[in-house]
Amino acid sequence: MKDWRFWFAEQRGTLMAIAIFVVMFIIYSSNHPAGFNANVVQTASNKGVLLAFVAMAQALVVITAGIDLSVGMIFTLTNCLASWIVVGSPIQAFFGVVGVLLVGALCGAINGAIVIYGRLQPIVTTIATGAVFYGIALAIRPNPGGSVDETLADFFTGRFFGFMPASLLTLAAVVLVVWVPFSRSVTGRAAYAVGSSEPAAYMSGVNIRRAKFAAYTLSGLLAGIGGLFLTFFTYTGEAAYASGNAYTLYSIAAVVLGGVSLFGGKGSAIGAIFGAMAFRTIGDLLFVFDFDPLWQPLFQGVVLLLAVSIGAFGLFRIRNRLDWFG
Amino acid sequence: MNALAERLPAFMRRMDPAVVTAFACILLLLFLGSFYSSNFLSPEYLLQQLKVASFLGIIATGMMLVILLGQIDLSLPWVVSVGAMMSSAVAGFGDVGAVIAIPFGIFCGVLIGLVNGVGVAYLRIPSMIMTLATNAVAQGLMVVYTGGFSPQDSASPAARYLATGFIIPTVPNSVLCWLAVGAAAVFLMTRTTFGRSIYGIGNRERAAYLSGINTRRVVMIVFAISGGLAAFGGVLLAGYASKAAQSMGDAYLLPAIAAVVLGGTSILGGRGSYLGTVAGVMLITLLQSILSVMQMPEFGRQIVYGVVIILMLLLYGRERLQR
């Protein structure tokens, strides 16, 4: 096989996600009553970026064959924290932002430490830590409220050069600063290796613990960035259980749509981003077609069901029945 | 350690350390609680706790079967709600409705479970994402269904009787329901080929398939059972609260998984006993009850809840070091 075919095979999931997103977005924007303009793009990107950050966080953990059911709660916790400490003079606000990101990373690191050194299953661990994170969020914000530095918030939710949404640029910057170096580093490759086969990775002398720990910590950091952005959009913090849970569930859906295998070792955070954008666009399609919003949850569910069923077509390629069982 | 183990009577040696630890923790909780208030050891309080535990117990039974397969059922929250809402709605249709209310609620749950099962077993979709999708669809269906007009949401008399009545004096009916479901589950798991093949599939589906088990059918049926039990739990919950509400199932997903796992069932499948799940259910219920009796604020309850689960799992739920 030629080099580009290897590349294509590796990136197939990501490319599929991009294709789904582009098609959905064209349908969306061409039917939007306001047409395709900077405002529509800005609103869509501001909505999509939140889920994109959480989906990236989820993707990092899923690549190591784990799952993080606490991302939504880290997102909620950092949202509440940001509405409390990102205020005051520019210096104070700056340290507030740093503090929020550190707390996000710390939450991820706690998950990682329990999974690695406690040797507990990621799914149970993160369910339990999710409850703890939500409890802390509730302690910070028993009632919705708080405030955030408005200059900063407007800067990150506005537009550059009149057409480029700042949130989208920030997302791109985060990808460049966090994901690209990580995925190209030895630790990043090790994370993929651990996801494909942990025993094989161990036998090849890969530093499993460092890879997993890095993945979980960065995942917490990304969820923290998401929470920070939520605060920028809403100007408040709210410890909402339902919304935290919904973000966790949607992040898994976005990751799957984005071509990241739940069995680990396959896919990329870029795919997860486009999966998230596609998922958001699908949800918004109903509005531009002027349906009753009542139908939105059902529509989103059916699309999700269809999207995951597409994966079943791979069964036709299987020659040996034993391969059904992975 | 080995020398000590050999001196114990045979029945104690065979016991799972996880189950023993879980029961020990229940006693510890009751002991600590009795310091706070002497009511904790009164029969009335314990029976009341057993009644509350029975709803979680029935729901966790289905979850346990699925986890034994090495899968997970995240559609539980809305299956619980569907069971409750559908049975209450049917109860509005006269005498016939009142009679078929409970079976119809369970039937809806089984249907959702079947969809899960077909997706997981035949289409080979990872159960986590498949059940997530059916959960979203079930939620969407209920939102559309209740949005257009308001159907009857008060529970049928039969459901109320099952949840709050007494056939045997002082023993609530819901506890009897749990007893029946539990007995059936134990029989299924330990005395039938079907049950043994659940354990077999949980250990290694490929090996189970090679030894002639129709693994896909078993997986599908187990998901259907799980859906049915979740819906039955929902029916009882509606009877208990005498009303069906949209998000009534949300509070049951995490406790159900936690109860099963705290009871020593491996989340990877293939290992676990029903006695452990019973212990896990009681443990979770007692913990929640004690925290609310102590009037701990909600945030503290969440934190303690999460920390206790982690600590208990660190005590006995750790995997072997793969070296």
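This report walks through how two chains pack together in a predicted model.

## Where the chains meet

Let's start with the place where chain A and chain B touch. On the B side, 43 residues are in contact with 43 residues of chain A. Four elements of chain B each give two or more residues to this side: helix 7 (127-148), helix 11 (205-210), helix 13 (253-262) and helix 15 (298-316). Helix 7 of chain B provides the largest share, with 14 residues.

What kinds of residues make up the side of chain B that touches chain A? Sorted by class, there are 28 nonpolar, 9 polar and 6 charged residues.

## A covered helix in chain B

Helix 13 of chain B is worth a look, as it is mostly covered: 10 of its 10 residues are buried. The buried residues include B:L253, B:P255, B:I257 and B:V261.

What do they pack against? The buried residues of helix 13 of chain B pack against helix 5 (122-140) of chain A, and also against helix 3 (17-36), helix 4 (43-68), helix 5 (76-90), helix 14 (274-293) and helix 15 of chain B. After helix 13 of chain B comes B:G264, with a positive phi near 90°.

## The nonpolar core

Now for the core. The largest nonpolar core has 208 residues. Those with the most contacts inside it are A:F53, A:A55, A:M56, A:I273, B:I59, B:L236 and B:A256. B:A256 should look familiar, being one of the buried residues of helix 13 of chain B. Helix 12 (residues 215-241) of chain B gives the most to this core, namely 16 residues. As a general point, nonpolar side chains tend to be buried together in soluble globular proteins.

Pick out A:M56 and see what is around it. If you set aside its neighbours within four places in sequence, A:M56 is in contact with A:W179, A:L222, A:A269, A:A272 and A:I273.

## Helix pairs in chain A

Two helix pairs in chain A are easy to follow. In one of them, the axes of helix 2 of chain A and helix 12 (residues 269-288) of chain A come within 8 Å and cross at roughly 140°. That angle makes helix 2 of chain A oblique to helix 12 of chain A, and their crossing is right-handed. Helix 2 of chain A brings residues including A:L51, A:A55 and A:M56 to the contact, where they meet a group in helix 12 of chain A that includes A:A272, A:I273 and A:F279. By class, the contact of helix 2 with helix 12 of chain A has 12 nonpolar, 3 polar and 2 charged residues.

In another pair, helix 3 (residues 71-85) of chain A packs with helix 10 (residues 208-234) of chain A at an angle of about 50°, with the axes 7 Å apart. Helix 3 and helix 10 of chain A are therefore oblique to each other, and the crossing is right-handed. Among the residues of helix 3 of chain A that take part are A:I74, A:F75 and A:T78, while helix 10 of chain A offers A:G220, A:G224 and A:L228, among others. The contact of helix 3 with helix 10 of chain A has 8 nonpolar, 10 polar and no charged residues.

## A helix pair in chain B

Chain B has a crossing to look at too. The axes of helix 4 of chain B and helix 14 of chain B come within 9 Å, and the crossing angle is roughly 135°. These two helices of chain B are therefore oblique to each other, and they cross in a right-handed way.

Which residues of helix 4 of chain B meet helix 14 of chain B? Among them are B:V52, B:L56 and B:A60, and the group in helix 14 of chain B includes B:V281, B:M282 and B:T285. By class, this contact between helix 4 and helix 14 of chain B has 10 nonpolar, 6 polar and no charged residues.

## Some odd backbone angles

Most residues other than glycine have a negative phi. A:A65 goes the other way: it is not a glycine, yet has a positive phi of about 70°. A:A65 sits in the loop between helix 2 (38-63) and helix 3 of chain A. Is A:A65 buried or exposed? A:A65 counts as buried, because it has 21 C-beta neighbours inside 10 Å.

B:R124 is a similar case, with a positive phi near 55° in a residue other than glycine. B:R124 lies in the loop between helix 6 and helix 7 of chain B and is partly exposed, with 18 other C-beta atoms within 10 Å.

Technical notes: Residues numbered from 1 in each chain as written. Chains lettered and ligands numbered in written order. Predicted model: local features only at pLDDT ≥ 70, side-chain atom pairs only at ≥ 80, totals over all residues. Contact = placed C-beta atoms within 7 Å. Nonpolar A, V, L, I, M, F, W, Y, C, P; charged D, E, K, R; others polar. Buried ≥ 20, exposed ≤ 12 C-beta atoms within 10 Å, placed from the backbone. Axes fitted to C-alpha atoms, helices over the stretch in contact; angles between N-to-C directions. Parallel < 35°, antiparallel > 145°, perpendicular 65-115°, else oblique. Left-handed = near helix turned anticlockwise from the far one by under 90°. Core = buried A, V, L, I, M, F, W, Y, C linked by C-beta atoms within 7 Å.
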